[in-house]
Amino acid sequence: MRAAICEELGSVVVREAEPPVPGPGQVLVTVRAAGVNFVDALFVQGRYQIKPPLPFVPGSEVAGTLPAGERVLVMCGLGGFASQVAVPAASAVPIPDELDFPRAATFTQSYSTALFALRDRAGVRPGETVLVLGAGGGVGLAAIQVARTLGARVLAVASTDAKQEAARAAGAEATLNSGEDVKTAARTWSDGGVDVVYDPVGGALAGPALRALRERGRYVVIGFASGDIPSLPLNQVLLRNRTIVGVDWGAWSMTNPRDQRVLLDELLGMVAKGDLTPVAPRTEPLSSAARVMDDLLSRRVVGKVALLP
C-alpha cells in the first residue's frame with residue numbers, strides 16, 4: 001500500500017506503508033479518489049485544534065470500493081491519502097450513479113456544510129439574496145449551488161478571473177473581484193442589501209460584507225481561509241437588527257451522526273434528481289499531495305482537488 005505520511009509537521013512523504021487491518025465493525029475501502037480539504041493541510045501544518053500523534057496519514061474524505069465492489073464515499077477523519085483505509089462500516093455511504101469517484105470524494109464536506117449553514121442555520125428562503133465570499137473555492141462553489149437549489153439569488157466574490165468564471169458556471173447570477181468595493185456593489189446589486197453573507201474566508205472582506213447586509217440580514221461564519229480572524233464591529237450588528245450565525249458543521253456532524261446521515265442522504269437525493277451537479281475536481285496523483293496542500297493553503301486552487309492513489 002502507498003500512503004502520504006506526515007512524519008514531521010509541515011511535510012508529507014509518499015511511500016510504501018503497511019496496509020490497514022479492519023477491526024471489529026470496520027470495513028476495508030480501496031481508495032479510488034481522496035478529496036483534499038483545507039483541514040487536511042492544517043493537520044499537516046500542526047495548525048488545527050486537534051493534533052494527531054506523529055506519524056499519521058492525512059486525508060478526511062475518500063471514495064472507493066468495498067471488497068464486494070460496492071462504490072462508497074466516506075468521511076474518515078484521517079488516513080484517506082492512501083490506497084486503502086479501514087473505516088466503520090456505518091460510515092460507508094453508497095455513491096449514486098451520477099457521481100464518479102473524484103466528485104464523490106470531494107462532495108460530503110463542502111455540500112453538507114453549505115446545506116447545514118444556509119438552510120438549517122441561516123434559514124435561507126426562496127427569493128432571498130446570498131453574498132458568497134471565497135466563491136471560487138470548493139466550499140464557495142458548493143454554497144452557490146446549494147443556495148440556488150434553495151431558490152436564492154447569488155452574488156459571488158472571488159479573487160481571480162478563473163475563480164469568477166467557475167462561480168458563474170456554478171450558478172452565480174453575478175460576480176465581483178475581491179479587490180472591488182464589495183459593500184457598495186452588493187447593495188446596488190441587491191437593491192439595498194443582501195439577506196445572507198456566506199463567509200469561509202474571514203480577513204479584510206468581513207467588515208464590508210457585514211455592512212452589505214440589509215435589515216435582519218444574517219452573516220454566516222464558516223471559517224477563516226485567509227488566516228485572519230476578523231474583529232467585526234458589533235455596532236453594525238446592532239444597527240438594522242442583523243445576526244451573526246456561527247457554523248461548525250464538522251463538530252455538529254460528529255455529535256449528531258444520524259442527523260448528518262439524513263442531511264447527506266438529502267444531498268445525494270438532490271444529485272440523483274439533477275437538482276445539484278457537483279463541480280468536477282482537478283485530479284492529481286497521490287505523489288502530488290504536498291504540492292496540492294500548499295496550493296490550497298495559498299488559495300491557488302480553483303474548486304476542489306482529488307488525489308488518485
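In which loop does P55 lie? In this predicted model, P55 belongs to the loop between α1 (38-45) and β4; the peptide bond in front of P55 is the subject of the second legend below.

**Figure 1. Overall fold of the predicted model.** The secondary structure of the protein amounts to 11 helices and 15 strands. The C-alpha trace extends over about 60 × 40 × 35 Å along the principal axes. Because a compact globule of 309 residues would have a radius of gyration near 19 Å, the value of 19 Å for the protein agrees with that expectation.

**Figure 2. The cis peptide bond between L54 and P55.** L54 and P55 are joined by a cis peptide bond, for which omega is about -10°. Most peptide bonds are trans. The loop that holds P55 runs between α1 (38-45) and β4, and β4 comprises residues 61-65.

**Figure 3. Strand β3 and its antiparallel pairing with β4, β6 and β15.** Strand β3 covers residues 26-36 and is joined by 5 bridges to strand β6 (residues 84-88), the two running antiparallel. In this pairing, Q26 has P88 of β6 as its bridge partner. Another 5 bridges connect β3 to strand β4 (residues 61-65), again in antiparallel fashion, and here A33 stands opposite A63 in β4. With strand β15 (residues 305-308), β3 shares 3 bridges, and these strands also run antiparallel. The bridge partner of G35 in β15 is A306.

**Figure 4. The open sheet of 6 strands.** The strands follow the order β10-β9-β8-β11-β12-β13, and their pairing is parallel. At the edges stand β10 (174-177) and β13 (243-246), each of which pairs on one side only. On average, neighbouring strands of this sheet are turned by 20° against each other, direction ignored. Helix α3 lies across β8 (129-132), β11, β12 and β13, and runs at about 150° to β11.

**Figure 5. Strands β11 and β12, with R216.** Strand β11 (residues 194-199) and strand β12 (residues 213-221) run parallel and are joined by 5 bridges. D199 has V221 in β12 as its bridge partner. R216 is also placed in strand β12. What is the phi of R216, a residue that is not a glycine? The phi of R216 is positive, at about 60°. Most residues other than glycine have a negative phi.

**Figure 6. The largest cavity and its lining.** The count of cavities of 30 Å³ or more comes to 1, and about 80 Å³ of space lies in the largest cavity. The lining is formed by R103, T106, S110, Y111, G138, L141, A142, P278, V279, G303 and K304. By class, this lining contains 5 nonpolar, 4 polar and 2 charged residues. Which helices each supply at least two residues of the lining? These are α3 (108-121) and α4 (138-149). Helix α4 gives the most to the lining, with 3 residues. Helix α3 thus appears in two views, since α3 also lies across β8, β11, β12 and β13 of the sheet in Figure 4.

Definitions and conventions
Residues are numbered from 1 along each chain as its sequence is written. This is a predicted model: local features need pLDDT of at least 70, side-chain atom pairs count only at pLDDT 80 or more; totals for chains, interfaces and linings use all residues. Side-chain values use heavy atoms; hydrogens and water are left out. On a 1 Å grid over the protein atoms alone, a cavity is a set of points where a 1.4 Å probe fits but cannot get out, and a pocket is an open set with protein on both sides within 12 Å along at least five of seven lines; lining residues have an atom within 4 Å of a point. Grid points are joined across faces, edges and corners, and a volume is the space filled by probe spheres set on the points. Ala, Val, Leu, Ile, Met, Phe, Trp, Tyr, Cys and Pro count as nonpolar, Asp, Glu, Lys and Arg as charged, and the others, Gly among them, as polar. Two strands pair if DSSP finds at least two bridges between them. Axes are lines fitted to C-alpha atoms, for helices over the stretch in contact, and angles run from 0 to 180 degrees between N-to-C directions. Contact means heavy atoms within 4.5 Å. The radius of gyration is taken over C-alpha atoms; the globule rule is 2.2 Å times the number of residues to the power 0.38.
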